[in-house]
Amino acid sequence: MSNLLIMEDTGRLKKSFTNGDIYVGNFEGELPHGKGKYIWLDGTVYEGDWEEGKMTGKGYIVWPSGAKSEGDFSGGYLHGFGTFTGHDGSVYRGNWRMNIRHGLGRKEYPNSDIYDGSWKEGVHEGSGRYSWNSGNIYIGSWKDGKMSGRGVMKWMNGDIYDGSWLNGYRHGSGVYMFADGGHYSGTWSKGLKDGKGKFYPAGSKHPSLRRMCSNLGYDDNTKGLPSQGSSINSEGSETSKPRVKRSLSERISVGGLLRSSGRISHRTSSLDGNWSQRHPSVESISNDFSSKLLHDSDESQSDMPDGSPVVYEREYMQGVLMKETVRNYTEQTRKGKPRNKHSVKEVKKKSCVDIFEGHRSYYLMLNLQLGIRYTVGKITPVPMREVRSSDFGDRARIRMYFPRKGSQFTPPHNSIDFSWKDYCPMVFRNLREMFKLDAAEYMMSICGDDGLRERSSPGKSGSIFYLSHDDRFFIKTLKKTELKVLLRMLHEYYIHVKKHENTLITKFFGLHRITLRGGRKVRFVVMGNMFCTELRIHRSYDLKGSTVGRCTDKDKIKENTTLKDLDLSFEFQMDKLLREYLFKQISIDCEFLESQQIIDYSLLLGLHFRAPEHLKALLELPTTATNSDSLPRTDGIIGSQGEIIIPPKGLLLVTHEPSFVSTAPGPHIRGSTLRAFSVGDKEVDLLIPGTGRFKVQLGVNMPAQANHKLLDNECDSNEVELFEVYDVVLYMGIIDILQEYNVKKKIEHAFKSLQFDPQLISAVEPKFYASRFINFLKKKFPQQP
């Protein structure tokens, strides 16, 4: 309420308020309206446009601290385009939304760092470029203020990393090019090398950038940001970790790690529509990267005196080099080429989605998302109830036609016309509820803007696999026979998973079909991803318990290859109670599958290896170094033969504390917490020092010790294995449960029995299959004495 109203010589009114504030300017009624100046009691001054008592339009505001802002205002907020100068000397020029940086903008920090790119709710989000005062530059995607997604980092010393980031760390696939010309292509976890990769020393011949990036799962240009990211805080100052002086690029596995930087978003959203494609800085770094690769490759043969430069095939665990194989480049190139002893042209087996031709994956993904969004949106408002027998019947379907131009019930889209069928929607809705999956989160995970990622098929089925952007769900195309089997057994499956919350059997969340004009059909099922974890799965195995044809050609093994029964050289020691729970549930699940006449199922086993704590300082094998002076010392025990003998440690079972473990929804949220013998028959969590605390469930976050025995004939003169005993975290589940023991399989059994021992082949009757499956696993998980 004002206590004074005075007409000034300027024709404007001056109004003093009881709280000491003063306004001079135009009014409409009793409210400031038009041009005016407002002075708060604390000394803050705004001068500019007003509308019905609120700052709206162009204006200028100065705070007592010295901070000031000039630009667009709306409803009393900085809203639109404007420039803000902080009291610390920082300057932001760009878009605002209700006093928060939002949209495109450029900020110059007090320490001379500069961020130029996209903002969301006050933090870096989308595509952007961050330049540190040291000369380091990052260009790529950001999320929640951190580098997350695809991006390129160039250090002042000339090193360049092009690949995936997560929460400010190098995380996922990438290529690291050292200033001296050496290259490492591989995978990282939280800034440390983790998994398999290849190192090409300076001057050696290496694949082109295009092929190298293609092998890692993304293109070599910066047009597309893939779906996968040294720890960095973009607001802080940066310091590059001093590197040990070396002429060879990869002496230290984390050499040159930047300790403060920024972040990336997974999306391909651009700053001006195509910022990530056109920004000159992106092109500059990318071209610098490509030209160095090309230049080094051209000179490599002349630089190497013997004409056979070496390639180091390496395997890391949390930054520790565990295994290395030295090959010459010609051997490595020959290894990658398919063998063709007989010049017989191979006939390619048609995939069930070849009908989409060159754009099949894109169209299929759009159709999946449109259909699932429609189905979930239609069934979710229906009141929750128990399933009835009619919910499993032939009439329990949702059908809809999706014309490209849209209709009264469907939106327009960029795919091709298709018809959609959703099978047993109420049953799968209840299954999702049973596994605590929120409908909105389910839709966002599969149908969100980030889309789906196609994964190569690990088997012979020709199926296509898609993985949701958050890794929670797998989508797999089905054969017509598999669809029929699932529908036939769906009622018993529903009863089984409802009764046994710790079941290891695949969790199904939706069953659908797409029909194109002409009548061609694609069927698919949505499943939970058994490897949905923040820990890297270093190796995975598909275990059936049979031995005929159950090994993988070593020349075909890649980073993500799923290995088979004969490839598993480990035995696993588990806590007594955890093992008991495991085999009790496996027996129950196998009994169910036997009752449904199912065979050919597998235990999908994922292993996360932990590097022994004593080896955290050991970053490279001494045998790979050419300058031993720069190698760190190890605290390990030296054996009589000079080998390093280090007992594994780092996994701890502790009493379960619900408030300390993640409760994020996902495929594993339903199972109960397990008890462990080693902590007095109490519910337990798995504590991994320096990584996190995890809820131990059946098939999820299960700690074990993996024992590996090397036979003499397994040893290779140029291959060194540091350890025989590892701490591992296990993830497992029973998959591929849709193959009946039908007439076709009986004929296969009879035919293969003439060639092989009938007890060793995969196609056997269900009772024997289940028994052999369990016995094989018991050998791999022996009972402790």
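Which residue in strand 27 is the bridge partner of Ser-419? I looked this up at the outset and found Thr-515.

**Basis of the entries.** I note that this is a predicted model, in which local features need pLDDT of at least 70 and side-chain atom pairs count only at pLDDT 80 or more, while totals for chains, interfaces and linings use all residues. Residues are numbered from 1 along each chain as its sequence is written, and side-chain values use heavy atoms, with hydrogens and water left out.

**Entry: confidence.** I took pLDDT as the predictor's confidence in each residue, on a scale from 0 to 100. The protein has a mean pLDDT of 78, and 72% of its residues reach 70 or more. I then noted residues 292–307, where the pLDDT is below 50 and the model has 20 contacts beyond near neighbours in sequence. Contact here means heavy atoms within 4.5 Å. Residues 338–358 also stay under 50, with 23 contacts beyond four places in sequence.

**Entry: the sheet.** I used helices (H or I, at least four residues) and strands (E, at least two) as DSSP runs numbered from the N terminus. Two strands were taken to pair if DSSP finds at least two bridges between them. I traced an open sheet of 7 strands in the order 22-23-27-28-26-25-24, with antiparallel pairing. Its edges are strand 22 (397–402) and strand 24 (452–455), each of which pairs on one side only. From one strand to the next, the twist averages 25°. For angles, I kept to axes that are lines fitted to C-alpha atoms, for helices over the stretch in contact, with values from 0 to 180 degrees between N-to-C directions.

I returned to the pair that holds Ser-419 and Thr-515. Strand 23 (residues 418–423) and strand 27 (residues 508–516) run antiparallel and are joined by 5 bridges. Helix 6 (residues 425–434) packs on the sheet and touches strand 22, strand 23 and strand 27. The direction of helix 6 makes about 145° with that of strand 27.

**Entry: salt bridges.** I counted a side-chain nitrogen of Lys or Arg within 4 Å of a carboxyl oxygen of Asp or Glu as a salt bridge. The structure holds 25 of them. For burial, I used under 20% relative accessible area as buried, over 50% as exposed and values in between as partly exposed (1.4 Å probe, protein chains only).

Arg-314 and Glu-324 form one such pair, at 2.7 Å from N to O. Arg-314 belongs to strand 20 (residues 310–317) and Glu-324 to strand 21 (residues 320–328), so the salt bridge ties together parts 10 residues apart in sequence. Both Arg-314 and Glu-324 are buried.

I next examined Arg-385 and Asp-391, whose side chains meet at 2.8 Å, N to O. Arg-385 counts as partly exposed because its relative accessibility is 24%, whereas Asp-391, at 8%, counts as buried.

In helix 10 (residues 743–753), Glu-748 and Lys-745 are 3 residues apart, so about one helical turn separates them. Their side chains form a salt bridge of 3.1 Å, N to O. Glu-748 is partly exposed at 24% relative accessible area, and Lys-745 is buried at 10%. I found these two residues linked with Asp-600 and Lys-752 in a network of salt bridges.

**Entry: cysteines.** How many disulfides does the structure hold? I recorded 0, taking a disulfide as a pair of cysteine sulfur atoms within 2.5 Å. Cys-424 is buried, with a relative accessible area of 0%, and Cys-590 is buried at 1%.
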